[in-house]
Amino acid sequence: MPDAGPGKPLPDVVAPGLDVLFCGINPSLLSAARGHHFARPGNRFWPALHLAGLTPRRLAPEEDRELLRHGLGVTNLVDRPTRTAAELTPGELRDGAAALGRLVEANRPRVLAVLGLTAWRLAVGSARAGWGRQPVRIGGADTWVLPNPSGLNAHFQLPDLARLYAGLREPPGPV
């Protein structure tokens, strides 16, 4: 069941025992205004999920709560909406990582997929963290760092995102 939590402008879409919990960096101003995750028109989250085979059809942002029916959820590292993630402070990201650990521990998803390497590095204080499966588990979950689906992230095209997201269903063995 979605949990807005105190002071959350955008509700988490989370339930106990999810297969994958996706974690964006923070809500865009548009997502916060609409009350749905990844609501910007150029964001590739929804098409990537479908192309990855994680949803049977392309969901719209207004259907974000449908993710639960597919064993998926979504939250954010930082709750504060901004125009760009670059407006967040390292302290906000570190505090967000601590709160994320508590959320993951309480709900026990199999995999946590953080969408954004730079934010992740700042959040965990590891300038050397890389893409993919992480050596540290957050809240007990197998933790991955994958590309942010924002249309501003031109380094990764939609087929790349879909391939990487599809790999979350059956992650490989030990790091």
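Buried means a relative accessible area under 20%, and exposed means over 50%, with partly exposed in between. I apply these cut-offs below to a predicted model.

Entry 1. I searched the whole structure for salt bridges and found nine.

Entry 2. I looked up the pair Asp64 and Arg65, whose side chains meet in a salt bridge at 2.4 Å, N to O. I then asked whether Asp64 is buried or exposed. Its relative accessible area is 0%, so I record Asp64 as buried. For Arg65 the relative accessible area is 28%, and I record that residue as partly exposed.

Entry 3. I turned to Glu66 and Arg69, whose side chains also form a salt bridge, with an N to O distance of 2.9 Å. Glu66 has a relative accessibility of 27% and counts as partly exposed. Arg69 stands at 67%; because this is over 50%, I list Arg69 as exposed.

Entry 4. I examined Glu92 and Arg80, which form a salt bridge with their closest N and O atoms 2.7 Å apart. Where in the chain do Glu92 and Arg80 lie? I located Glu92 in helix α3, residues 90-107, and Arg80 in the loop between β2 (72-76) and α3. The two residues are 12 residues apart, and the pair links distant parts of the chain. Arg80 has a relative accessibility of 34%, so I enter Arg80 as partly exposed.

Entry 5. I checked which residues are joined through shared salt-bridge partners. Lys8, Asp12 and Asp79 form one such network.

Terms used. Residues are numbered from 1 along each chain as its sequence is written. This is a predicted model: local features need pLDDT of at least 70, side-chain atom pairs count only at pLDDT 80 or more; totals for chains, interfaces and linings use all residues. Side-chain values use heavy atoms; hydrogens and water are left out. A salt bridge is a side-chain nitrogen of Lys or Arg within 4 Å of a carboxyl oxygen of Asp or Glu. Buried means under 20% relative accessible area, exposed over 50%, partly exposed in between (1.4 Å probe, protein chains only). Helices (H or I, at least four residues) and strands (E, at least two) are DSSP runs, numbered from the N terminus.
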